[in-house]
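Could you walk me through this structure, one selection at a time? I have it open in a viewer and would like to know what to click on next.

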Amino acid sequence: MQAIEVRDLRKDFKVQKNRAGLSGAFRDLFNREYRHVKAVKDISFTIPQGEICGYIGENGAGKSTTIKMLTGILVPTSGQVLVNGYVPYKEREKFVREIGVVFGQRSQLWWDLGVIESFQLLRKVYQVPEQDFKDRLDELVQRLELAELLSRPVRKLSLGQRMRCELAASLLHNPSVLFLDEPTIGLDIVVKTEIREFLKDMNRRFGTTILLTTHDLQDIEALCSRVIMLDDGNIIYDGGLDELKARWGGGKEVIFEFASSVSLSQVESLTSGMDVTWKLDNERMASAFVPQAEQISDMLARIVGTLSILDVRIVETNTDDIVREIYKSGSADVTRLETVISEIEGAAAGTDSDELKEKEVTHV
Ligand SMILES: Nc1ncnc2c1ncn2[C@@H]1O[C@H](COP(=O)(O)OP(=O)(O)OP(=O)(O)O)[C@@H](O)[C@H]1O
């Protein structure tokens, strides 16, 4: 069964325009003007049970809006959403017992209560039987090292401690689908690593489906076999992380240290006619991005034959570079991207209310 099914999902927001100046504000009082923001534009995807899928995109791409529709916080403008067979915004009371949600920027714990009291309240919200709760809590406390934190008020926790408690809170009712929106934001590398390990382990043991929104591509590298990439409300890539790297990351970067100073125009003219992008770090250091790795020897021959070199290094492009490159072309050159996507695919195989209907999904 599919854990998440999304078909032609769309979300438009109607946003009030503000006219400039006092007279503008006065006119706004009587005659409001609106514009429509198309946050999510008829997207479709399915996520099978047990998969960890990364959901990425630049700021404003539509990630949080999608997650809000998937968790029942927002009503879609059109299209269909099914999570574990439920229509999220319609059957919320039953639905929230099956999902866990962590919004990195927003807490589901009660600020002034002790952590354990927050957990007890959530037990009631989710109607978890006492014994199940105890067993689950014991395990989460051990796994996320929460013993010291349980009696502390939430407001006194550090960000890393709070995030571990947030994760535990979202899992107390043993949900089969977990939505994580920027779960590692602002955390130090040690806590990030612990959280990634924990999520991997939980997915392995319980088959928990995870949809993960993040700007930290290390999260994606560590956890996800699949990535969905959004750009301006459209899906511009949906596939394996390895495919993404193979398709986009086939290129290599060659870093040169020259014996004497060189100019950008000099190195560019030496490789004219080749698909090479040069960057000068300082007058003796330059790097060349070569999208087709088979052109490297040709490029090296041209440079080494003319300029004297102290050092040369060839580096693989990492996921950050690849994704940055795709984002760049995503907004700059949609047709090129569409071509690329269709190549990848070929190779692999009504406006609702104007207002945001935000409610706390976790507190029914
Ligand atoms: N309540 C709202 N009212 C009006 N416009 C909104 C609302 N929420 C989001 N938007 C707009 O919808 C678009 C998508 O926003 P969204 O928050 O989903 O992006 P995102 O990919 O999650 O970005 P970020 O990485 O910055 O969190 C943006 O243009 C945003 O300004």
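Let's begin with a term that a later stop will need: two strands count as paired if DSSP finds at least two bridges between them. Keep in mind too that what you have open is a predicted model.

**Stop 1: the whole chain**

Show the protein chain as a cartoon. The chain holds 13 helices and 13 strands. It has 364 residues, and 32% of them count as buried. Now colour by domain: the domain assignment gives domain 1 as 2-246 and domain 2 as 251-316. The C-alpha centres of domain 1 and domain 2 are 44 Å apart.

**Stop 2: around the ligand**

Next, select the ligand and the 13 residues around it. Those that come nearest are Phe 13, Ala 39, Asn 59, Ser 64 and Thr 65. Two or more shell residues come from each of β1 (2-17), β2 (33-48) and α2 (63-70). Which element gives the largest share of the shell? That is α2, with three residues. Try colouring the shell by residue type: six are nonpolar, six are polar and one is charged.

**Stop 3: helix α2**

Stay with α2 and select the whole helix. Seven of its eight residues are buried, so α2 is largely enclosed by the rest of the structure. The buried ones are Lys 63, Thr 65, Thr 66, Ile 67, Lys 68, Met 69 and Leu 70. When you look along a helix, it helps to know that an α-helix has 3.6 residues a turn, so residues three or four places apart point the same way. Just after α2, click on Gly 72, which takes a positive phi of about 85°.

**Stop 4: the nonpolar cores**

Now turn to the inside of the protein. The largest nonpolar core has 67 residues, and Leu 212 and Met 229 have the most contacts inside it. Helix α6, residues 159-171, gives this core six residues, the most of any contributor. A second, separate core has nine residues, including Val 262, Ala 286, Val 290 and Ile 303.

Select Leu 212 and show its surroundings. Leaving out residues up to four places away in sequence, Leu 212 touches Ile 52, Cys 53, Gly 54, Tyr 55, Leu 180, Asp 219, Leu 223 and Cys 224.

**Stop 5: a hairpin**

Select strands β8 (residues 226-231) and β9. The two strands run antiparallel and are joined by six bridges. One pair to pick out is Asp 231 with its bridge partner in β9, Asn 234. There are two residues between the strands of this hairpin, where Asp 232 takes a positive phi near 50°. Is β9, residues 234-240, largely enclosed or largely open? Five of its seven residues are buried, so β9 is largely enclosed by the rest of the structure.

**Stop 6: two buried loop residues**

Go to Leu 172, in the loop between α6 and β6 (177-181). Why does Leu 172 count as buried? Because 21 other C-beta atoms lie within 10 Å of its own, and 20 or more is enough. Among the residues Leu 172 touches, not counting those up to four places away in sequence, are Phe 119, Leu 122, Tyr 126 and Phe 133. For a distance to display, Leu 172 and Asp 132 are 40 residues apart in sequence and 8.9 Å apart in space, C-alpha to C-alpha.

Then jump to Val 276, in the loop between α10 (264-270) and β11 (277-282). Val 276 is buried, with 23 other C-beta atoms within 10 Å. Beyond four places away in sequence, Val 276 touches Thr 271, Ala 288, Phe 289, Val 290 and Met 299. Display one more distance: the C-alpha atoms of Val 276 and Ile 220 are separated by 28 Å, with their positions 56 residues apart along the chain.

**Stop 7: positive phi values**

For the last stop, remember that most residues other than glycine have a negative phi. Select Asp 8, in strand β1. Asp 8 is not a glycine, yet it has a positive phi of about 50°. Asp 8 is exposed, with 12 other C-beta atoms within 10 Å.

Finish at Glu 145, in the loop between α5 (130-143) and α6. Glu 145 also has a positive phi, near 50°. With 13 C-beta neighbours inside 10 Å, Glu 145 counts as partly exposed.

Methods: Residues numbered from 1 in each chain as written. Predicted model: local features only at pLDDT ≥ 70, side-chain atom pairs only at ≥ 80, totals over all residues. Near = placed C-beta within 6 Å. Helix = DSSP H or I, 4+ residues; strand = E, 2+ residues; numbered from the N terminus. Nonpolar A, V, L, I, M, F, W, Y, C, P; charged D, E, K, R; others polar. Domains from an automatic or database assignment. Core = buried A, V, L, I, M, F, W, Y, C linked by C-beta atoms within 7 Å. Contact = placed C-beta atoms within 7 Å.
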